[in-house]
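Biologist: Could you take me through one part of this protein in close-up? I would like to see a single strand and the packing around it.

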Amino acid sequence: MFISSKSTVRAFPRTPLVLCEKPSRLLAEVRFPSSKIDGSYLAEFLLEKGYEVHGIVRRSSSFNTGRIEHLYKNPQAHIEGNMKLHYGDLTDSTCLVKIINEVKPSEIYNLGAQSHVKISFDLAEYTADVDGVGTLRLLDAIKTCGLINSVKFYQASTSELFGKVQEIPQKETTPFYPRSPYGAAKLYAYWIVVNFREAYNLFAVNGILFNHESPRRGANFVTRKISRSVAKIHLGQLDCFSLGNLDAKRDWGHARDYVEAMWLMLQTDEPEDFVIATGEVHSVREFVEKSFKHIGKTIVWEGKNENEVGRCKETGKIHVTVNHKYYRPTEVDFLQGDCTKARQKLNWKPRVTFDELVREMVDADVELMRNNPNA
């Protein structure tokens, strides 16, 4: 979650969570766990616009701010500048009220979640508590602090709401059919945001973002698992890795493009929900093929289902296998977004292509593994 504030300019008389504010300062509050890629890009984006950004992070026995360390005034000493961090948690109403009342942000971006879909089947109750009820706690905190008329609220929604898709492509009016505890929890969050908007006239929006990646993606997400493994194979540190459903198809964009859309949603005159997507669909299989192609290897597929393997055409070595443990109990086979509304009303469009995204992720991981093979 991010809260931001702008102490140099006050072009925007608001503060976000991110928590931010601007005129004498722009404040924004962002709820951004370090495992989330969006929070780091959003913090960068808001700081560049002159916001003071307040982030809420969970306490950990080790430093968990790796993706935002470069944003400290002094990264070596973790000395804060226009980005300030607060310990908090979406399961703790008291701390949310305390932080929001202290910062009094103009904009709040709720990016906090247990966001791994497969893991949500193992941590279903926790996922519901954080992703669903956590959003309610945050909205109630805004109301308790008397900021309904002064705060703009962004909720990180998800294409997983569509799950078993009811139409192709999916847009703002497409019926929801979530297929995981994560999707179901996010569905509650979506509707409680709509309820607060209609019941209390809170400026609150849902950004229904389709898959967005970058080199900062967590290592246990499929795209980053692929780019990391391909980098290790390229450097001779690994021979083979396993994946689940190779034929799952997704609409993949770059996280840096998508955080701009988050901000644009809060700059409109009236609160509305938006689908953010590229409109292009690619399979996990294609992500694998393009990643290997970037390091000069051609993958050919042999076998079927769990016996399928990806073999290097040039060397004959098997680099990819399929393991059933990586399948979800209920699969989401196809997601494709229609962001026509965002293009027309926000003047937003994606800039980074799928091929550019794959190359950037592989290059970053080659550099990472070359410097630290155990990363």
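Before we zoom in, what pLDDT does the protein average, and what share of the residues score at least 70?

Modeller: Happy to. This is a predicted model, and the protein averages a pLDDT of 88, with 84% of the residues scoring at least 70. Two stretches call for care. Over residues 5-17 the pLDDT is below 50, although this stretch has 109 contacts in the model beyond near neighbours in sequence. Residues 19-25 also stay under 50, and there the model has 74 contacts beyond four places in sequence. Where pLDDT is low, the predicted coordinates should not be read in detail.

As a backdrop, the protein has 375 residues, of which 56% count as buried, and its secondary structure comes to 10 helices and 17 strands. Taking contacts between residues at least 6 apart in sequence, 72% join residues at least 24 apart.

Now for the close look: let us settle on strand S7, residues 152-158. Here 7 of the 7 residues are buried, so S7 is largely enclosed by the rest of the structure. Its side chains alternate between two directions: Lys152, Tyr154, Ala156 and Thr158 point one way, while Phe153, Gln155 and Ser157 point the other way. Both sets are buried, so the lysine, the glutamine, the serine and the threonine count as buried here, each having under 20% relative accessible area.

S7 has a strand partner in S6, residues 107-110, and the two pair in the parallel sense over 4 bridges. Within that pairing, Ile108 stands opposite Phe153 of S7. S7 also pairs with S8, again in the parallel sense, over 7 bridges. There you will find Ser157 of S7 opposite Ile208 of S8. The connection is worth tracing on screen: S7, helix H5 (residues 181-200) and S8 make a right-handed β-α-β unit.

From the strand we can step into the packing. The largest nonpolar core has 29 residues, and Tyr154 is one of those that touch the most other members, along with Leu46, Tyr109, Met262, Met265, Ile276 and Trp348. S7 is among the elements that give two or more residues to this core, and the others are helix H1 (37-48), strand S4 (51-57), strand S8 (203-209), helix H7 (255-265) and strand S13 (274-276). H7 gives the most, with 8 residues. In soluble globular proteins, nonpolar side chains tend to be buried together.

Ile276 makes a good viewpoint for how these pieces meet. Leaving aside neighbours within four places in sequence, Ile276 is in contact with Ile208, the residue just met opposite Ser157. Its other contacts of this kind are Leu209, Phe210, Tyr258, Ala261, Met265, Cys339, Ala342 and Trp348. A second, separate core of 25 residues includes Ala231, Ile295, Phe354 and Leu357.

For contrast with the enclosed strand, look at Glu286 in helix H8 (residues 284-294). Glu286 is partly exposed, with a relative accessible area of 23%. Beyond its neighbours within four places in sequence, Glu286 is in contact with Val281 and Phe354, and Phe354 belongs to that second core. The C-alpha atoms of Glu286 and Leu246 are separated by 8.4 Å, with their positions 40 residues apart along the chain.

Key: Residues are numbered from 1 along each chain as its sequence is written. This is a predicted model: local features need pLDDT of at least 70, side-chain atom pairs count only at pLDDT 80 or more; totals for chains, interfaces and linings use all residues. Side-chain values use heavy atoms; hydrogens and water are left out. A nonpolar core is a set of buried Ala, Val, Leu, Ile, Met, Phe, Trp, Tyr and Cys residues joined through side-chain atoms within 4.5 Å. Buried means under 20% relative accessible area, exposed over 50%, partly exposed in between (1.4 Å probe, protein chains only). Contact means heavy atoms within 4.5 Å. Two strands pair if DSSP finds at least two bridges between them. A crossover is right-handed if, with the strands pointing away from the viewer, the path from the first strand over the helix to the second runs clockwise. pLDDT is the predictor's confidence in each residue, from 0 to 100.
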